[in-house]
Each structure stands twice: as structure tokens, then as C-alpha cells.
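Reader: I am new to this structure and would like a close look at one part of it, the pairing of oppositely charged side chains. Could you take me through it with care?

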Amino acid sequence: MTRKEQKEAKRKMILFSALELFVKRGYYDTKITDIAEAVSMSTGLLFHYFESKEALLVELVKMGAEGTRVTGKYDANEPEQFFEKFLEDLFVYARKEPWIFNMFVLMGQVRRAGMPREAREIALSLNQIETSAKLIELGQKKGVFREGDARLLSRCFWTTVQGIMEEMAFDETMQAPDPKWITAILRQ
């Protein structure tokens, strides 16, 4: 492994350790020394990777924001299959990469008032509700989704997904629900 690869591996270890600590203890109750201890390095060395705890949080939120762009690989012309396939893939991927569950928890936390401004602004800039509402409107026109406020239906869908991911973050034994149960919120 090259020096550059080693540095990147250590950087990722710091990020994932910080993510876990922020979710378990909360952002404000996690100290930079806790993160350094979790990755077996000095606090001073950790500052060579990230200048502050807030910089770590911002980097994690950017990772979370980037993850929301994955929905672009699904066929938006078939809204019902879009949502079901997305959920199937999300649950399988999150089981392989459990940090995904924690990322959902963190992104939910960062959207709340009182969190560092830059991280909160990034989290609030994500437009999943609006993007999904457009797909729901298409599904309504095709007669596969129920009538009603598409934005509210989208919010109900994403709130349900958020809640499931949070529960799965805290209960590793919880099985992923059938995506059809969740998309039933949308269907006729």
C-alpha cells in the first residue's frame, strides 16, 4: 500500500469512527479526543487529517449528500418500480455497509436547529422530497399512485424510510421490511 493509500485509509477510519460516535453520543457530546482514541492516534495527528470536529462533521454530511444522488440510476419513467428497486438496493447495500444506517441517523440529526451552520445548510439543501414528489405526480398521472398532495406523500415516504433506517441502525437484528410495504403509502 502506498503512502497516499495509507493516508486515505486512515482518513476513512477517522470519518467512520466519528460517524459512529456522533450517532451514539451525539455531535456535541463527542470530543475530538474520543475520535482520536477510537482510531488509536494522538489528537495532534488527527488534526493533520481534519482541522476540527466541525470539519469532520461537514465531510460526513457531504458524504451523505453524495449518497442521495444514487437514485439517478433508476428508471424515473416507471415510478412504482423506481421506489421499490431503490429500497431493495438500499436495504441490501446498507446490510453490507452498516455505516449507511448511521449516515441516515446523522443526516436527520444535522437538519435540526442548533447544529453547525455549514453542515446543516448542506443537509437542508438536499431535495429528495421535491424530486420524489415529481415522480409521485407522474405515478398519479399513470394511475399507479393515490391522489393527493404529491409533496406530502413524498414526505410520508421519506419519513418512513428515515425511521426504518434509524431503527436498523440501533437494532442490528431488525430485518429490512418488504419495499412493497413502504411503497404502499403511495399506491392506489
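Author: A good place to begin in this predicted model is Asp89, which forms a salt bridge with Lys85, the closest N and O atoms being 3.1 Å apart. Asp89 and Lys85 both belong to helix α5, where they stand four residues apart, a separation of about one helical turn. Asp89 is partly exposed, with a relative accessible area of 22%, and Lys85 also counts as partly exposed, at 41% relative accessibility. Elsewhere, salt bridges that share partners join Glu80, Glu84, Lys180 and Arg187 into one network.

Within that network, Glu84 and Lys180 form a salt bridge whose closest N and O atoms are 3.5 Å apart. Glu84 lies in helix α5 (residues 79-96), while Lys180 lies in helix α10 (residues 179-183), so this pair ties together parts that are 96 residues apart in sequence. As for their surroundings, Glu84 counts as buried at 11% relative accessibility, because the cut-off for buried is under 20%, whereas Lys180 is partly exposed, with a relative accessible area of 43%.

Another pair is found in helix α1 (residues 3-25), where Lys24 and Glu20 lie four residues apart, about one turn of the helix. Their side chains meet in a salt bridge, at 2.8 Å from N to O. Lys24 is exposed, its relative accessible area being 62%, and Glu20 counts as partly exposed at 38%. The pairs described here belong to a structure that holds 10 salt bridges.

Conventions. Residues are numbered from 1 along each chain as its sequence is written. This is a predicted model: local features need pLDDT of at least 70, side-chain atom pairs count only at pLDDT 80 or more; totals for chains, interfaces and linings use all residues. Side-chain values use heavy atoms; hydrogens and water are left out. A salt bridge is a side-chain nitrogen of Lys or Arg within 4 Å of a carboxyl oxygen of Asp or Glu. Helices (H or I, at least four residues) and strands (E, at least two) are DSSP runs, numbered from the N terminus. Buried means under 20% relative accessible area, exposed over 50%, partly exposed in between (1.4 Å probe, protein chains only).
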